[in-house]
Amino acid sequence: MKHIYLFLVLITSFSINGQTECDDANYYLVSAYSHVKSSYDANNISHLKYYANRSVESLNLSNKKLSSCDCAPAKELADKAIILLSKVEAAKTYEDGRFYVKQGRDLSKESVIAIDKCMTSTNTESVTNLDALSDLEKEQQQLKQQQEALKLKEAEIKAKLAEQKEKELELKKEALILNYQNAIASNIKTYNETLKSCNCNHQSIKNMDDLEDATSKSIEELKVFYVNNLKTLASAYLSELSLCTK
């Protein structure tokens, strides 16, 4: 923003010895008009309100100088613009806010023309340069919006990658659980068929362990649980098998 404010100073300075009260008032009115144009060009209510408030701030500063400048037309227009733009902050919708901004923009422009007429040295370039200044701020705003869009896109990509990794982890867990469950079921079947062939009074081997909320477990935790489960079943099988020899 520094280069823009420097530009404002340059286009509203008429004397190398310093600015008069009217020069200062003209500076703030030009600034107010630039901000209200940016507000009108904004594509969302947040930016619309932000630049409308900036315009009101500049108009209030110009009023302090206009009192000494003795330019009643410009002051009257600035006062009307302040009243209208002050309503933007309370606007509920973008359309309502833009309604006040449009009127404030027109009054602000008229105030710049009025102050030019009041000044002893007519600055014919003041209003002409308003569009150039507005273009600079508009370009800067567009760059900010592009940066915000890039940041949003980056966040979306990161979120999608995280979601993809989470899905991949869940699929890996599901495959691991299924493999262990199949292995346990196969072992239990083999154990019971072997005990049955021994023709001894034995209790059927059953899986008594059940894992609750497997999705909350890590891969390592799942491996530990199922390996211990297999060890428990193998121990139970060996105990039953030893009874057959007695």
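A residue is called exposed when its relative accessible area is over 50%, and buried when that value is under 20%. The exercises below concern a predicted model.

**Exercise 1. Determine whether Asn-43 is buried or exposed, and state where it lies and which residues it contacts.**

Step 1. Asn-43 is located in the loop between helix H2 (21-41) and H3.

Step 2. The relative accessibility of Asn-43 is 54%. The cut-off for exposed is over 50%, and Asn-43 therefore counts as exposed.

Step 3. With neighbours within four places in sequence left aside, Asn-43 is in contact with Tyr-94 and Gln-145.

Step 4. For the pair Asn-43 and Tyr-94, the C-alpha atoms are separated by 8.6 Å, although the two residues are 51 residues apart along the chain.

**Exercise 2. Classify the relative orientation of H3 and H4, and describe their contact.**

Step 1. Two packed helices are described by the angle between their axes and by the distance between those axes.

Step 2. For helix H3 (residues 45-69) and helix H4 (residues 72-85), the angle is about 155° and the axes are 9 Å apart.

Step 3. Angles over 145 degrees count as roughly antiparallel; H3 and H4 are therefore roughly antiparallel to each other.

Step 4. The crossing in which H3 passes H4 is left-handed.

Step 5. On the H3 side, the contact is made by Ala-52, Ser-55, Val-56, Leu-59, Asn-60, Ser-62, Asn-63, Leu-66 and Ser-67. On the H4 side, the participants are Ala-74, Lys-75, Ala-78, Asp-79, Ala-81, Ile-82 and Leu-85.

Step 6. Sorted by character, the residues of this contact comprise nine nonpolar, five polar and two charged.

**Exercise 3. Characterise Asp-70 by its place, its phi angle and its accessibility.**

Step 1. Asp-70 belongs to the loop between H3 and H4.

Step 2. Its phi is near 60°, which is a positive value in a residue other than glycine.

Step 3. The relative accessible area of Asp-70 is 68%. Asp-70 is therefore exposed.

**Exercise 4. Summarise the chain: how many helices and strands does it have, what percentage of its residues is buried, and what surface does it expose?**

Step 1. The chain contains seven helices and zero strands, and its pattern along the sequence reads α-α-α-α-α-α-α.

Step 2. Of the 246 residues in the chain, 36% are buried.

Step 3. The exposed surface of the chain is about 15200 Å², of which carbon and sulfur atoms supply 53%.

Step 4. Among contacts between residues at least 6 apart in sequence, 67% join residues at least 24 apart.

Technical notes
Residues numbered from 1 in each chain as written. Predicted model: local features only at pLDDT ≥ 70, side-chain atom pairs only at ≥ 80, totals over all residues. Heavy atoms only, no water. Axes fitted to C-alpha atoms, helices over the stretch in contact; angles between N-to-C directions. Helix = DSSP H or I, 4+ residues; strand = E, 2+ residues; numbered from the N terminus. Parallel < 35°, antiparallel > 145°, perpendicular 65-115°, else oblique. Left-handed = near helix turned anticlockwise from the far one by under 90°. Contact = heavy atoms within 4.5 Å. Nonpolar A, V, L, I, M, F, W, Y, C, P; charged D, E, K, R; others polar. Buried < 20%, exposed > 50% of the residue type's maximum accessible area, 1.4 Å probe, protein only. Areas by Shrake-Rupley, 256 points an atom, 1.4 Å probe, with all protein chains shown as cover.
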